[in-house]
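Here's a quick tour for someone meeting this structure for the first time. Take a look at the sequence and the model, and then we'll walk through a few spots together.

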Amino acid sequence: MSAPVFTALDHLMMSRALRLAERGAFTTKPNPMVGCVLVDGDTVVGEGWHERAGGPHAEVNALAAAGARARGATAYVTLEPCAHTGRTGPCSRALVEAGVARVVAAMRDPFPEVSGRGFEALREAGIEVAHGLMEAEARHLNRGFLSRIERGRPWVRVKLATSLDGRTALANGESKWITGEASRLDVQRWRARASVILTGAGTVLADDPMLTARLGDDTPFVAPLRVVLDPGLATVARGRVREGDAPTLYVHAPDVKPPRQLDAQVASAPVKGGRFDLEAVLVQLARDHDANEVHVEAGATLAGALLGAGLVDELLLYVAPVLLGARARPLFADLDIASMAERLELTQVDARRVGDDTRLLLRPRTG
């Protein structure tokens with residue numbers, strides 16, 4: 001079968017659908033972000049996005065906005081319409097019943113109950129179906145959801161604030177504040193889109209953080225689960241990580257017995273050589289908590305362990321125009337790189353100015 005040919009209008013409308021989908025970044029988890037635009041000729045007759053988990057899907061919202069004008073229209077949707085009944089009915093059936101003539105999807109949905117079945121249901125009803133338009137952009141948008149479904153673990157983003165000479169704190173641990181206020185506000189939006197904010201026991205003992213998302217406006221969001229990796233539960237006396245409305249989970253070693261009265265969730269995870277099996281921890285977060293994106297805010301030890309294990313998908317690096325000197329603490333611990341051939345190479349996905357700082361979004365190169 002030859003690859004579909006997409007027009008300039010197709011690209012324009014899919015771009016619009018992707019922008020709509022992104023509006024659900026803080027509220028759709030654990031569901032994917034999806035946008036839909038209905039077009040008759042070159043006129044938009046309806047559009048919508050998946051606004052929250054458990055609510056109507058993007059296609060249903062767009063059809064409601066279009067009404068009778070949906071008949072004969074083209075639906076541009078960022079993900080294959082679902083063909084199963086979950087908390088809502090199948091979107092493929094809704095598109096068929098509305099009389100849509102053509103469906104253009106950015107990508108197939110890898111979720112087992114959907115994968116290919118939505119397209120099949122549409123074709124069986126006589127609807128023209130094409131997919132693959134702006135698929136890379138659609139995958140980037142839903143990289144967390146796709147990671148959980150396809151790899152069985154969340155997408156891992158490590159956030160770090162650094163000086164120009166690659167230092168995250170003074171030798172005594174003082175790190176407030178390397179970056180400016182604009183960067184600290186920007187981080188809150190990354191926290192809010194995550195399913196989990198992950199840290200280690202060392203950070204809790206040193207800083208006693210709350211690790212909550214604070215957007216400072218009326219933007220709705222689903223509070224991420226705060227997860228503390230604490231093999232011996234040495235941090236439970238530090239209460240700020242349990243304050244507020246966000247839930248908290250302590251992950252401990254299998255041979256440790258949690259306190260009876262602890263206002264938080266607890267779970268054990270495998271330990272190898274005195275350290276957590278970090279991949280097993282991530283698999284548990286995906287399986288037991290539907291975690292799409294894990295946002296890591298921790299010290300050099302945990303950040304280095306995740307990077308060394310090949311478990312970091314994305315680095316969110318805020319670089320401040322300051323110098324902290326050779327005695328200050330590095331970005332990553334325990335990276336044993338002896339030659340240039342062993343260096344870890346990164347791909348720059350995005351770079352922008354945030355206040356006086358520079359924000360870099362980087363991905364480790366594979367292969």
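Is Arg 143 buried or exposed? Arg 143 counts as buried, because its relative accessibility is 6% (buried means under 20% relative accessible area, exposed over 50%, partly exposed in between, with a 1.4 Å probe and protein chains only).

Before going on, a word on ground rules. This is a predicted model, so local features need pLDDT of at least 70 and side-chain atom pairs count only at pLDDT 80 or more, while totals for chains, interfaces and linings use all residues. Residues are numbered from 1 along each chain as its sequence is written, and side-chain values use heavy atoms, with hydrogens and water left out.

**Salt bridges**

Back to Arg 143: its side chain meets that of Glu 314 in a salt bridge, 3.1 Å from N to O (a side-chain nitrogen of Lys or Arg within 4 Å of a carboxyl oxygen of Asp or Glu). This pair joins distant parts of the chain, 171 residues apart, with Arg 143 in helix 6 (residues 143-151) and Glu 314 in strand 15 (residues 314-319). Helices (H or I, at least four residues) and strands (E, at least two) are DSSP runs, numbered from the N terminus. Glu 314 is buried too, at 0% relative accessibility.

The count of salt bridges comes to 22. Here are three of them:

| Pair | Closest N to O |
|---|---|
| Arg 143 and Glu 314 | 3.1 Å |
| Asp 313 and Arg 153 | 3.1 Å |
| Arg 191 and Glu 297 | 2.9 Å |

Arg 191 sits in helix 7 (residues 181-193) and Glu 297 in the loop between strand 14 (293-296) and helix 10, so this pair ties together parts that are 106 residues apart in sequence. Arg 191 is buried at 8% relative accessibility, and Glu 297 is buried at 10%. As for the other pair, Asp 313 counts as buried at 10%, and Arg 153 does at 8%.

There's also a network of salt bridges, which links Arg 143, Arg 157, Arg 193, Glu 293, Glu 314 and Arg 363.

**A pocket**

Which residues lie closest to the centre of the second largest pocket? Of the 20 that line it, they are Glu 22, His 140, Leu 141, Arg 143 and Arg 193. The space in this pocket is about 650 Å³. Helix 1 (8-21), helix 5 (135-141), helix 7, strand 17 (346-354) and strand 18 (357-364) each give at least two residues to its lining. On a 1 Å grid over the protein atoms alone, a pocket is an open set of points where a 1.4 Å probe fits, with protein on both sides within 12 Å along at least five of seven lines; lining residues have an atom within 4 Å of a point.

**Around Glu 59**

UniProt, in an unreviewed entry, puts the feature "active site" at Glu 59; such annotations may be inferred rather than shown by experiment. Glu 59 belongs to helix 2 (residues 58-66) and is buried, with a relative accessible area of 3%. Leaving out residues up to four places away in sequence, Glu 59 touches Cys 36, Val 77, Leu 79, Pro 81, Cys 91 and Leu 95 (contact means heavy atoms within 4.5 Å).

In helix 3 (residues 91-98), the residues Cys 91, Ser 92, Leu 95 and Ala 98 are buried. Seen down the axis of helix 3, these fall within an arc of 130°, so they line one face of the helix (the arc is that of the directions from the helix axis to the C-beta atoms).

Methods
Grid points are joined across faces, edges and corners, and a volume is the space filled by probe spheres set on the points.
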